[in-house]
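Biologist: Hey, could you walk me through this one? I'm new to it, so plain words please.
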Amino acid sequence: MNCIFEKMPFEKQVISLLMLVLILSAFQQQEKPTLYIIGDSTVRYSSNNGGPGGAGWGTFIHEYFDTTNIAVSNQAMAGRSTRTFLKEGRWNKVLSSLKPGDFVMMQFGHNEGSIPDTTKAGHRGVLKGTGTGTKELVWPDGSHETVHTYGWYLSKFIEDAKSKGAVPIVISMIPRNKWKDGALERADEDYGKWAKEAAKKGGAYFIDLNKIVADKYEELGPEQVKTFFPKDHTHTDEAGARLNTASVVEGVRGLKRLSLNKYLKKAEKQKPTLFLIGDSTVKNGRGDGAGGLWGWGNFIPPFFDTTRINIENRAMGGTSSRTFRTNGLWEKVLADVEKGDFVVMQFGHNDNIALTDTLRSRGTMKGVSNDSVEVYNPLTRQQEWVHTYGWYMKQFINETKAKGATPIVASSVPQNKWENGIFVPSYEDYTAWAQEVANQTNTYFINLNQIISEGYKKLGEEKVRSAYFNAKDRTHTIEDGAEYNAAAVVEGVKSIGSPLKHIYWSMENFNSSYELRL
């Protein structure tokens, strides 16, 4: 064969080699294992109107896996129980695609509780427990159905998956936001217990997600956990879903013999990252001093030991807490945030604008409540649910915490406003709301507005106007002004006792020139 190959013209040799590479690549792609996920709306949530609703943990789990080596297929369906997932043919669809080396995560329990019958209320219900009991039903069309126990359905999924050479992983249901005497209601005496029993009986892996998440919820406390559930006590928002996703992955890592672990991305980076998010007062333009204007984020790195911590200024001029999210900027930051990182967030300058402003449509509702309103966005030409400033800030905070990182809220820097030589405060309402959000979520807070305002008063109007701002702009600082504000941020970090102060600071600069500049 080598002789035949050598006798081929050079061009045919190249083509043959390329064909061989393509065939091998296709074969390898075909053999890539798949992680299938089945369950209910807490795994994959669906919303008909795109408004305030929820998210399931299965939506984000692909972010934890090296998807060049494993595919992730979330086949969960809202409103289904183990019984209806099987009856509707959804399990058979997954089963027909399973191949040796695949994995199947299964989490049910939220929709099984009703008495099984043929009514709308009972069409999802199953028999309790893990036994072999059955109940015969006759539907109005004359068809018969045999209803089994919750454990029986899980056992079937387990046995079917194993028969195809796949690895079944049983997961207990996530807890609801239901509390009694300061303790969260758990499923360790019913569906969580039965899921564990079915897994043990069938020789499947088991992740006690109910316990993992419940422990985290109790550590956070009822008030903060409440922010994860905007609609009801079962369905979480994205921040809650991401916390649940991280908890599933935590469970996977705890199963040392589970081969799924080899497809997970590396758990932690060599050193943490301090992310900065905000508007143009944090990063003006491209951060290159165009027009002589700078944001304070450019002057943060010298205060830290960058051999031990990375600094990434991801702020974007012109954004509000709303548009930093809706424009996809936060999604990109969050994808890079890992356990041990820090996120300093400062918004407010662009939130105090009309909700449907035709220039940028970046305004938010005032306050910190969970209120929202549906508006027509003239830029996207679509309907959009707009929330309060506080709601958007809480999403940043909760999603940061769900990734195991530390959020730090900073109030907006003040404007250069004076009347008769007296400094005029600005953004006092957004400062108050930022502090209220931080208090509600037990988050570090830097009152940057107050620190800088007090500094400006001591320096006086002439010094501030001439040294920190140009003659045309009272919001955006020139280089010395941005450096002054950066030192004020560091002063705030020193005052709150964050790990940023104790571990990652640069002694020479952190002990800071801020006092000298006053």
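Biologist: Which residue stands opposite threonine 34 in strand 2?
Modeller: That's alanine 71. Keep in mind that we're looking at a predicted model.
Biologist: Got it. How many bridges join strand 1 to strand 2?
Modeller: Four, and the two strands run parallel. Strand 1 covers residues 34-39.
Biologist: What sheet do those strands sit in?
Modeller: An open sheet of five strands, in the order 2-1-3-6-9, with parallel pairing. Strand 2 (71-74) and strand 9 (205-207) stand at the edges with a single partner strand each, so one side of each has no neighbour in the sheet. From one strand to the next, the twist averages 20°.
Biologist: And what is the order of the open sheet that holds strand 11?
Modeller: That one reads 11-10-12-15-18, an open sheet of five strands with parallel pairing. Strand 11 (310-313) and strand 18 (444-446) are at its edges, each with a single partner strand, so each has one side left without a neighbour in the sheet. Ignoring direction, neighbouring strands here are turned by 20° against each other on average.
Biologist: How is strand 18 held to strand 15?
Modeller: Three bridges join them, and they run parallel. Valine 409 stands opposite phenylalanine 445 in strand 18.
Biologist: Switching to the inside. Which residues touch the most other members of the largest nonpolar core?
Modeller: Leu274, Trp296, Ile300, Ile446 and Tyr456, out of 38 residues in that core. Several elements each supply at least two residues, including strand 10 (273-278), strand 12 (342-346), strand 15 (406-410) and helix 14 (448-459). Helix 16 gives the most, with nine residues.
Biologist: Let's zoom in on isoleucine 446. What is it in contact with, leaving aside its neighbours within four places in sequence?
Modeller: Isoleucine 446 is in contact with Ile408, Val409, Ala410 and Ser411, then Ile451, and also Val489, Gly492, Val493 and Ile496.
Biologist: What about a second core?
Modeller: There's a separate one of 36 residues, and Met105, Val248, Val252 and Leu255 are among them.
Biologist: Back to helix 16, then. Is aspartate 480 in that helix buried, exposed or partly exposed?
Modeller: Aspartate 480 is found in helix 16, and it counts as partly exposed because its relative accessibility is 45%; the partly exposed range runs between 20% and 50%.
Biologist: And its contacts, skipping neighbours within four places in sequence?
Modeller: For aspartate 480, those are Ala467 and Tyr468. The C-alpha atoms of aspartate 480 and leucine 293 are 9.8 Å apart, and those two residues are separated by 187 residues along the chain.
Biologist: New topic: helix packing. At what angle do helix 9 and helix 12 pack?
Modeller: About 0°, with their axes 8 Å apart. Helix 9 is residues 238-254 and helix 12 is residues 389-402. That angle makes helix 9 roughly parallel to helix 12.
Biologist: Who meets whom there?
Modeller: From helix 9, Glu238, Ala239, Arg242, Leu243 and Ala246 meet Gln395, Asn398, Glu399 and Ala402 in helix 12. By class, that contact has four nonpolar, two polar and three charged residues.
Biologist: Last one, the overall tally. How many helices and strands are in the chain?
Modeller: The chain has 19 helices and 18 strands. Of its 518 residues, 51% count as buried. As for contacts with a separation of 6 or more, 69% are between residues 24 or more positions apart.

Terms used
Residues are numbered from 1 along each chain as its sequence is written. This is a predicted model: local features need pLDDT of at least 70, side-chain atom pairs count only at pLDDT 80 or more; totals for chains, interfaces and linings use all residues. Side-chain values use heavy atoms; hydrogens and water are left out. Two strands pair if DSSP finds at least two bridges between them. Axes are lines fitted to C-alpha atoms, for helices over the stretch in contact, and angles run from 0 to 180 degrees between N-to-C directions. A nonpolar core is a set of buried Ala, Val, Leu, Ile, Met, Phe, Trp, Tyr and Cys residues joined through side-chain atoms within 4.5 Å. Buried means under 20% relative accessible area, exposed over 50%, partly exposed in between (1.4 Å probe, protein chains only). Contact means heavy atoms within 4.5 Å. Angles under 35 degrees count as roughly parallel, over 145 as roughly antiparallel, 65 to 115 as roughly perpendicular and the rest as oblique. Ala, Val, Leu, Ile, Met, Phe, Trp, Tyr, Cys and Pro count as nonpolar, Asp, Glu, Lys and Arg as charged, and the others, Gly among them, as polar.
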